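Welcome! Please take a moment to look over the sequence and the 3D view before reading on.

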Amino acid sequence: MTEFFANSLMNGFVKSSLMGQGIVVAQLLASVFMVAIAIGKWRGLSSVSQAARRVTRDVMSGRDVLEYYLARHPNGHTPLENIYWATCERLLRLLAPDVRSLLVGRQPGVDAAVTDNEMELVKSLGYHALDEEEIRVGRGMGAITAVVALAPMLGLLGTVWGVLDAFADMGEVGSATIATMAPAISSALVTTVVGLLVAIPGVLINTHLNAKVRALTSDMEGFTEDLLGRIALEFKGRRD
């Protein structure tokens with residue numbers, strides 16, 4: 001069955017016009033491009049998800065919100081680390097130089113606090129960093145979606161083009177029989193079949209990756225809320 005199906009596609013491809021063959025080649029190249037992006041995206045999301053669990057554990061288990069930052073842990077440039085480091089750096093810049101020096105030196109009993117307006121600045125930067133990381137996490141998904149949408153559309157274009165050619169040939173001959181029309185229609189349908197073969201697994205891939213992206217962005221949003229909440233509890237104290 002599989003061999004018969006493959007032979008039918010191959011025969012239809014060979015007998016189709018240059019337009020149809022070009023569309024099939026474009027669809028196959030797009031499918032290779034989609035699979036390459038999907039594999040890289042899946043690996044990247046899996047790695048980022050593991051790092052997110054580690055960063056969340058290390059940051060939230062600290063004695064205070066700055067412990068992970070002041071311990072000079074290297075920033076691995078994962079989404080949660082980028083959010084955390086950007087927010088902490090903004091917080092420290094708002095503190096007086098002498099207070100900041102004491103905090104960095106981990107001196108006990110430091111009275112460090114920010115005003116309500118300063119806290120709003122910290123929150124604004126934290127949410128901005130979150131937005132940037134969400135865009136970064138979702139990068140590449142648009143290309144997969146585009147391939148899934150365009151592959152069957154290109155297939156339909158190739159089929160319509162092939163049918164037009166078949167009717168044009170029929171008009172030149174002046175007669176239409178199954179023997180003359182069937183091969184032309186069969187070759188015209190090849191582009192639609194290939195387009196569906198690209199799009200159907202592409203939909204499954206896209207759905208799976210989108211679920212992983214949504215789960216990760218949900219974790220990022222929760223981490224940011226917890227981080228800003230801890231900062232507010234530990235540093236919000238001075239009046240404007």
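The report below walks through an aromatic pair, a helix, a nonpolar core and a threonine.

## A pair of tyrosines

Keep in mind from the start that this is a predicted model. A search of the whole structure turns up two aromatic pairs. One of them is formed by Tyr68 and Tyr84, whose rings sit edge-to-face, with 5.7 Å from centre to centre and 65° between the planes. That angle earns the label because planes over 60 degrees apart count as edge-to-face.

The pair links distant parts of the chain: Tyr68 belongs to helix H3 (residues 67-70) and Tyr84 to helix H4 (residues 79-94), 16 residues apart. Are these two tyrosines buried or exposed? Tyr68 has a relative accessibility of 6%, so it counts as buried. Tyr84 is buried too, at 0%.

## Helix H4 and its surroundings

Let us stay with the helix that holds Tyr84. H4 has 16 residues, and the span from its first C-alpha to its last is 23 Å, close to the 22 Å expected at 1.5 Å a residue.

How many residues of H4 are buried? The count is 12 of the 16, so H4 is largely enclosed by the rest of the structure. Among the buried ones are Pro79, Glu81, Asn82, Trp85, Cys88 and Leu94.

## The largest nonpolar core

Tyr84 appears again in the largest nonpolar core, which has 49 residues. Together with Leu66, Leu95, Leu103, Ile231 and Phe235, Tyr84 touches the most other members. Several elements give two or more residues to this core: helix H2 (18-60), H3, H4, helix H5 (97-104), helix H6 (116-138), helix H7 (141-173) and H8. The largest share, 12 residues, comes from H8.

Ile231 is a good residue to find in the 3D view. Leaving aside neighbours within four places in sequence, Ile231 is in contact with Val65, Thr87, Leu91, Met119, Val122 and Lys236. Two of these partners, Thr87 and Leu91, are among the buried residues of H4.

## Thr191 in helix H8

Our last stop is a threonine in helix H8 (residues 178-235), namely Thr191. Its relative accessibility is 2%, so Thr191 counts as buried.

What does the side chain of Thr191 reach? At 3.1 Å lies the backbone nitrogen of Thr159. Not counting residues up to four places away in sequence, Thr191 also touches Gly20, Ile23, Val24, Gln27, Gly155 and Gly158, and Thr159 is on that list as well.

Note on methods:
Residues numbered from 1 in each chain as written. Predicted model: local features only at pLDDT ≥ 70, side-chain atom pairs only at ≥ 80, totals over all residues. Heavy atoms only, no water. Phe/Tyr/Trp six-rings, centres within 6.5 Å; stacked < 30°, edge-to-face > 60°. Helix = DSSP H or I, 4+ residues; strand = E, 2+ residues; numbered from the N terminus. Buried < 20%, exposed > 50% of the residue type's maximum accessible area, 1.4 Å probe, protein only. Polar contact = N/O pair within 3.5 Å; in protein donor to acceptor, adjacent residues only side chain to side chain. Contact = heavy atoms within 4.5 Å. Expected span 1.5 Å × (residues − 1). Core = buried A, V, L, I, M, F, W, Y, C linked by side-chain atoms within 4.5 Å.
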